[in-house]
Amino acid sequence: MEHKIGKYITVKLTKHGEVSIMKTVKKTSIFPASKKKVFSRLLKLKTLQYIAFPYATFTPMDGVDSMSWEVGSTSRFKFRLFGVIPFGTHTIHVIRFGLDEGIYTHEGNEHVPTWNHEIILEELQGNRCRYTGKVDIDAGWKTIFVWMWANCFYTHRQKKWIKLLSRKI
């Protein structure tokens, strides 16, 4: 059973009869690049590493400096908060990944079991696109703290995206 309270809070009853509160972070920005260019950057692990730093670092567990974004694929990373605090193994399982369909992943780690992430890209006039990042978070009693960090993290990510896309390279 699941009940939505407002735009960004979902309360559900788990199979064990416990109450679980999921919170949502949603951030939207206009990027100075086409939808196609942004999507091509999303394919690169280096982009994730750049936009996440210094709030988080992702080091591939398999030592390969790339990742597969195919539907059904799973990637694992050593995750560090602020680049120094070990925060377990972060797993990304790709549910949807396409230029027109957008991106949807089920992510998580030992401390934050549910981090369901969606990215929606909308083409705009003038070689721009609207980027919306949304994440549903459930970390038990830690949810409120993770949600506060995630709000800052997603604001930071979008600022880094704009900086990256504004470069003349």
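A residue counts as buried under 20% relative accessible area, as exposed over 50%, and as partly exposed in between. Keep that scale in mind while looking around this model, which is a predicted one.

**The salt bridges**

Let's start with the charged pairs: the structure holds three salt bridges. Here they are side by side.

| Pair | Closest N to O distance |
|---|---|
| Lys35 and Asp100 | 3.5 Å |
| Glu118 and Arg96 | 2.5 Å |
| Arg130 and Glu122 | 3.5 Å |

Take Lys35 and Asp100, whose side chains meet in a salt bridge. This pair links distant parts of the chain, 65 residues apart: Lys35 sits in helix H1 (residues 35-42), while Asp100 belongs to the loop between S6 and strand S7 (102-108). How do the two fare on the accessibility scale? Lys35 has 13% relative accessibility, so it counts as buried, whereas Asp100 is exposed at 65%.

Next come Glu118 and Arg96, joined by a salt bridge. Glu118 is part of strand S8 (residues 114-124) and Arg96 is part of strand S6, so their contact ties together parts that lie 22 residues apart in sequence. Glu118 is buried, with 17% relative accessibility. Arg96 has a relative accessible area of 27%, so it is partly exposed.

That leaves Arg130 and Glu122, whose side chains also form a salt bridge. Arg130 comes out as partly exposed at 29% relative accessibility, and Glu122 is partly exposed as well, at 33%.

**Strand S5 and its neighbours**

Now for strand S5, which spans residues 74-81. Which of its residues are on the covered face, and which are on the uncovered one? Ser75, Phe77, Phe79 and Leu81 make up the covered face, and Thr74, Arg76, Lys78 and Arg80 the uncovered one. In a regular strand, side chains alternate between the two faces of the sheet.

S5 has pairing partners to look at too. With strand S4 (residues 56-60), S5 pairs in the antiparallel sense over five bridges. With strand S6 (residues 85-98), S5 also runs antiparallel, and here seven bridges join the two.

Phe77 is a handy residue for seeing both pairings. Pro60 has Phe77 as its bridge partner in S5, and Phe77 in turn has His90 as its bridge partner in S6. Phe77 is also one of the residues on the covered face of S5.

Finally, have a look at the turn. S5 and S6 form a hairpin with three residues between the strands, and there Phe82 takes a positive phi near 55°.

Definitions and conventions
Residues numbered from 1 in each chain as written. Predicted model: local features only at pLDDT ≥ 70, side-chain atom pairs only at ≥ 80, totals over all residues. Heavy atoms only, no water. Buried < 20%, exposed > 50% of the residue type's maximum accessible area, 1.4 Å probe, protein only. Helix = DSSP H or I, 4+ residues; strand = E, 2+ residues; numbered from the N terminus. Pairing = 2+ DSSP bridges. Salt bridge = Lys/Arg side-chain N within 4 Å of Asp/Glu carboxyl O.
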